[in-house]
Amino acid sequence: METLNSEVISDSLSQVGFTILIIVGSALIIEGILYVLLKRVLKSKYALPIMLLAPAAVGLLLLVVYPIGFEVRLAFSNMSLRHFRHPTFSLKQGLDNFVLIFTQPVLKQVMFFPLFFRTILWTVIQVSFHVSLGLGLAILLNRPMKLRALYRTILVIPWAIPQVIACLTWRGEFHYQYGFLNIMLRDIGLPAIQWKSDPFWNFVAMNITNIWLGVPFMMVILLGGLQSISREYYEAADIDGAPGWIRFTRITLPLLKPVLTPAVILGTIWTFNNFNVPFFINENELETSDILVTALFRAAFQYNRYGFAAAFALVIFVILFFFTVIYMKTTGGLKGVYEK
Amino acid sequence: MNKSWKLYRFFYRSRGDSPFKRIIIHLILIIACVIAIYPALRIVSVSLRPGDRLLSTSLAIIPRDATLANYKEVIFERSFFLWLWNSLVITITTSVIGVILASTSAYAFSRWRFPGRKPGLVFLLTTQMIPAAMLMIPIYILAAKLHLINTYKGLIFAYSVSSIPFSIWILKGYYDTVPEELEEAAMIDGVSKLSAFYRIILPLSTPALAIVFLFNFMSAWNDFLLARIMLQRESMLTWPLGLQSLQGQFQTEWGAYSAASILVAVPVMALFLFSSKWLISGLTLGSVKG
């Protein structure tokens, strides 16, 4: 067992101090060079903002732009654990990788398209549950009543728990004999469920977990939106004697749209990219419970097919990109982003 | 008059909800609360069980003969504090660096209309859509080639940069609400734009900076994926990896796992619930003020 002692502490502090020194030092050097170049040589009027931006921009270049470029290069290689040091890069290898994705199992058995449709199904199920349950709870909470603050605090708890702990705990609770769901099922006389080994029920299990995790966020965001709707609209509706359903569809929903749209876009992307829940709940590594990103992780880090996985990652990215572009175009989600 | 007004207020506020309807509403909320909190309470329950009855089919929350033995085990016989220390060192450093880098960039985005500003903002937004798992492969390979595996350096750098886009958006939204006249007034007094930023805008933006710090802190503190790839040596594990190691595939140390979870989760949850109003206002800050 490794313990925390003064030696460890001083060692890690010196490591961290060194890291900070490197980062701050290189930031200052970049700024100095830019200052001389822009202010003294080019006399640019944008010298200061460019200097302010430079360190973050360089960081993003190194950590986002360059890796993506590197990934494209990797996709045209046969890099794997066997070919880690000296992979071969060629156009043919790359085309082979992309053909393999659609024609051969991505992992051991599962093919690309079942994975893709499962990911869509997962995303649709999750987002609809999050929005409907979140909206329902937000509407119930958006009225003056006793204990409101207490309800709200308790309902936020699944969001507040660190996600890894929530996932690992739920995984434990899907135990056949000792998990509380099966205990309850047996208590009311139903047969217990094989949550971990049955493909269908494992998929249900990860859906249950993620619904539990995701509703509070939607609820809080939508509650904020509901509270910003002026009471006057409802008073006017009262005077006109509008029934509850009409008030909901004619006042609440349209006025909630500015909050609802970004929340749904964000929720969709997060769910599509959700790694923790499908990864942890799927304890027996059933390939029938993998979604695209977890399959990508396994292809890269369990099967160590880096070149193939890089090509796979690019395919996933293209899917996400088209989804986002179409969504932004149809809903005008980016409107008002540029203007101050 | 007063009485009837009160009566009116009462009915108006409850919008004529009958007592029956109100009971139903409370009932639904209570059920929702039980669903929300029960799985969390199960961890508490398991953590208090004595070692020979960790696996039990009891649904009671406080077990009979509750004991703190599991907590003792985690604290004295596991590397628990080492995991916490690793997490803490990495998280605090990344949050500070992330805030510093984002605060100056956001200022540039807020105050200057330089060429490339719009594409830059859209680029920042697009980076949020890239799945983390997608960047893992190149980052892992590059880190392996640069000998950054099993070091703080690699993780600190990766975390602090990955939090920048979101931080810039939030801070830019906040700076936009600070009137530019403040700096202009200072500049008339002979202060440079840069020191006007440091002396006036930054101190005024403390709430937004705190929100950004908190966001960075939470996301680095709770991260599993990147740490899983970058850290393999046992002495380097962060707490999510440590907790996962307690839940081995064939033998789970439930007692130690639950106790450790409680010890990690309670401070995080307290911080979260305490700051949730802030965090949520931070989430809407960037989007509403755009």
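Domain bounds here come from an automatic or database domain assignment. The exercises below use a predicted model of a complex.

**Exercise 1. Find the domains of chain A and state how far apart their C-alpha centres lie.**

Solution. Start with the bounds: the assignment places domain 1 of chain A at 1–60 and domain 2 of chain A at 112–331. Next, take the C-alpha centre of each domain. The separation between these two centres in chain A comes to 38 Å.

**Exercise 2. Describe the fold of chain A and decide whether it is spread out or a compact globule.**

Solution. First list the secondary structure: chain A contains 13 helices and 0 strands. Read from the N terminus, its elements are therefore α-α-α-α-α-α-α-α-α-α-α-α-α under the DSSP-run convention. Then turn to the overall extent. The globule rule gives 20 Å for 340 residues, while the radius of gyration of chain A is 26 Å, well over that value, so chain A is more spread out than a compact globule. Along the principal axes, the C-alpha trace of chain A spans about 70 × 60 × 55 Å. For the interior, 37% of the 340 residues of chain A are buried. Finally, consider the contacts in chain A with a separation of 6 or more: 65% of them are between residues 24 or more positions apart.

**Exercise 3. Place Ile161(A) in the chain, then classify it as buried or exposed.**

Solution. Locate the residue first: Ile161(A) sits in the loop that links helix H5 (148–160) to helix H6 (163–173) of chain A. Next, apply the cut-off, which is 20 or more other C-beta atoms within 10 Å for a buried residue. Ile161(A) has 25 other C-beta atoms within 10 Å, so it is buried. Then list its contacts, leaving out residues up to four places away in sequence: Ile161(A) touches Ala166(A), and from chain B it touches Ala40(B), Ala265(B) and Met269(B). As a distance check, Leu320(A) is 159 residues from Ile161(A) along the chain, and their C-alpha atoms are separated by 28 Å.

**Exercise 4. Break down the contact between the chains: how many residues does each chain give, and what classes are found on the side of chain A?**

Solution. Count by chain: 76 residues come from chain A and 84 residues from chain B. On the side of chain A, helix H2 (residues 47–75) supplies the largest share, 15 residues. By class, this side of chain A has 57 nonpolar, 14 polar and 5 charged residues. For confidence in the complex, the predictor gives an ipTM of 0.84 and a pTM of 0.85.

**Exercise 5. Describe chain B, its domains and its confidence scores.**

Solution. Begin with the elements: chain B has 14 helices and 0 strands. Of its 290 residues, 41% count as buried. Then split the chain: domain 1 of chain B covers 14–67 and domain 2 of chain B covers 74–289. Their C-alpha centres lie 33 Å apart. Between them, 7 residues of domain 1 are in contact with 6 residues of domain 2. The domain 1 side of this contact has 4 nonpolar, 2 polar and 1 charged residues.

Last, read the confidence. Chain B averages a pLDDT of 84, and 89% of the residues score at least 70. Among the elements of chain B, helix H4 (residues 80–111) has the highest mean pLDDT (92) and helix H1 (residues 2–13) the lowest (55). Over residues 286–290 of chain B the pLDDT falls below 50, and this stretch has 11 contacts in the model beyond near neighbours in sequence.

Definitions and conventions: Residues numbered from 1 in each chain as written. Chains lettered and ligands numbered in written order. Predicted model: local features only at pLDDT ≥ 70, side-chain atom pairs only at ≥ 80, totals over all residues. Contact = placed C-beta atoms within 7 Å. Helix = DSSP H or I, 4+ residues; strand = E, 2+ residues; numbered from the N terminus. Nonpolar A, V, L, I, M, F, W, Y, C, P; charged D, E, K, R; others polar. Buried ≥ 20, exposed ≤ 12 C-beta atoms within 10 Å, placed from the backbone. pLDDT = per-residue confidence, 0-100. Rg over C-alpha atoms; globule rule 2.2 N^0.38 Å.
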